[in-house]
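Thanks for coming, everyone. I would like to walk through one structure this morning, beginning with a single residue and working outwards from there, so please have a look at it first.

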Protein chains: 2
Amino acid sequence: MRLSELSRRSGVSVTTIKYYLREGLLPPGRQLSATQAEYDDDHLRRLRLIRALTGVRGLSVSTTRDLLGALEEHTGDIHLLLGLSLGSIGPAASAGPAGEPADAASEGSAERAEVDKLVDELGWVVHKGAPARTTLAETLASLRSLGAPLDRRALLPYARLAERTAALDLDQLEGLDDSSEVMERALVLTVLLEPALLALRRLAQENESARRHADG
Amino acid sequence: MRLSELSRRSGVSVTTIKYYLREGLLPPGRQLSATQAEYDDDHLRRLRLIRALTGVRGLSVSTTRDLLGALEEHTGDIHLLLGLSLGSIGPAASAGPAGEPADAASEGSAERAEVDKLVDELGWVVHKGAPARTTLAETLASLRSLGAPLDRRALLPYARLAERTAALDLDQLEGLDDSSEVMERALVLTVLLEPALLALRRLAQENESARRHADG
């Protein structure tokens, strides 16, 4: 299909598609002439994925490009890709501060040691440089600075529940045999489910609060 | 203490403190003269909370003001406050899209019905207007548009885990008797723990992926 049809079918403007092409988020079409290129269903699917990542999930164009790049490079090695895509975007980085640095020590070494101990105690196989470790340490540092410290003992039951959530996540990928499909789905599940899981926690908190504080 | 000392002890610049005062995030100090006011430890604690919400968590100034306003108004009624603070900021709203609307129907009515059914099946007591319901519906709509649909049956085990996470959250508030302390802590736990919980899921996914895809 031509650019105009790709635009119509994806609901993304021609200008925006050209921008994604220029930024390398979308692979080039098959060049028909100096001014015309042909696009296919892979482009359409990729466009929908880009829109979901940038729109629904609010990721930046450069984070999205890095994620999609990892997807291209590591087709066929799902474990490596999962490590990369999970590692490459810390939740804090995507929902990041609007410029100003936080007060809490961004590299509180006591908290970082606490996180590393937690991971060891859990027996988790996770690489040392995973950004999620830093995100956890930063959260512990801010909670401490707010006078509401949480130690790794308090985090442990949360971690056990996260373990079971992760098992559900990986279950979703079972039975998919086309590698690039597994990759894309892994990305979608990891990144797009995040707001949904937080939303479920909010609803569950409201329910639990109602249950505990019900009159009579 | 004077403004300069409040700035020194909080690590927040005088200009920024004045901005928070003007925007109503920080209550005014006790006026000593036309040009001088006196601040106390409540101001200091409030400043740290503001910095954690805007910095670490990346909330906008207006969302932060709304949350803090709910905190002021509903001291003494923890259930109401929890409903408000949990309801008032959808995760999607805080990590929101950078301007452009998502392709997926933002009010996919089929998905919204699916979410409402899920909540009913769970037996959760949650008000109809909770923004988290919309966040969930939006996620389902994007997953569908990406050809990776998830129905409420797939969400159910996630919801059961969210239930247990929420019970842990509420446990953290037990034994706190000062109402305003409970309120602040509820807010901190709800909002600041979000990136930490997502980080735990990432680490757990990496571990689970390593476990399932280990060679040999």
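Let me start with B:Ser142, which sits in helix α8 of chain B; helices here are DSSP runs of H or I of at least four residues, and strands are runs of E of at least two, numbered from the N terminus. Before going further, I should say that this is a predicted model, in which local features need pLDDT of at least 70 and side-chain atom pairs count only at pLDDT 80 or more, while totals for chains, interfaces and linings use all residues. Residues are numbered from 1 along each chain as its sequence is written, chains are lettered from A and ligands numbered from 1 in the order in which they are written, and side-chain values use heavy atoms, with hydrogens and water left out.

Is B:Ser142 buried or exposed? With a relative accessible area of 1%, B:Ser142 is buried, where buried means under 20% relative accessible area, exposed means over 50%, and partly exposed is in between, using a 1.4 Å probe and protein chains only. A polar atom of the B:Ser142 side chain lies 2.8 Å from the backbone oxygen of B:Glu138.

In chain A, helix α8 covers residues 131–145, and its 15 residues should span 21 Å at 1.5 Å a residue, which agrees with the 21 Å between its end C-alpha atoms; the expected span is 1.5 Å times one less than the number of residues. Many residues of α8(A) are listed as buried, including A:Ala132, A:Leu136, A:Leu140 and A:Leu143. After α8(A) comes A:Gly147, whose phi is positive, near 75 degrees.

Let me turn to the core. A nonpolar core is a set of buried Ala, Val, Leu, Ile, Met, Phe, Trp, Tyr and Cys residues joined through side-chain atoms within 4.5 Å, and the largest one has 116 residues, those with the most contacts inside it being A:Trp124, A:Leu200, B:Trp124 and B:Leu200. Contact means heavy atoms within 4.5 Å, and, not counting residues up to four places away in sequence, A:Trp124 touches residues of its own chain, among them A:Val119 and A:Ala159, and also B:Leu200, B:Leu203, B:Ala204 and B:Asn207.

That brings us to where the chains meet. How many residues does the contact take from chain B and from chain A? It takes 91 residues from chain B and 91 residues from chain A. The area buried between the chains is about 8,700 Å², of which carbon and sulfur atoms give 65%; buried area is the accessible area (1.4 Å probe) that two parts lose on being put together, summed over both. In chain B, the residues that lose the most area to chain A are B:Tyr158, B:Arg201 and B:Arg202, together 10% of what that side buries.

Between chain B and chain A the count is six salt bridges, a salt bridge being a side-chain nitrogen of Lys or Arg within 4 Å of a carboxyl oxygen of Asp or Glu. The side chains of A:Glu194 and B:Arg202 meet in a salt bridge, at 2.4 Å from N to O. On the side of chain B that touches chain A, α10(B) gives the most, with 25 residues.

Over all chains, the salt bridges come to 32, and three within chain B are worth going through. B:Arg9 forms one with B:Glu5, the closest N and O atoms being 3.8 Å apart, and both residues lie in helix α1 (residues 3–10) of chain B, four residues apart, about one turn of the helix. As a general point, an α-helix has 3.6 residues a turn, so residues three or four places apart point the same way.

The side chains of B:Arg65 and B:Glu23 meet at 3.0 Å, N to O, in another salt bridge. This pair links distant parts of the chain, with B:Arg65 in helix α4 (residues 61–73) and B:Glu23 in helix α2, 42 residues apart. B:Arg65 is partly exposed, with a relative accessible area of 30%, and B:Glu23 counts as partly exposed at 29%.

Finally, B:Glu121 and B:Arg152 meet through their side chains in a salt bridge of 2.8 Å, N to O, joining helix α7 to helix α9 of chain B across 31 residues of sequence. B:Arg152 is partly exposed, at 21% relative accessible area, and is also in contact with B:Glu114, a residue of helix α7 of chain B that counts as buried at 18% relative accessibility.

Conventions
A polar contact is a pair of N or O atoms within 3.5 Å; within protein, one must be able to donate a hydrogen and the other to accept it, and residues adjacent in sequence count only if both atoms are side-chain atoms.
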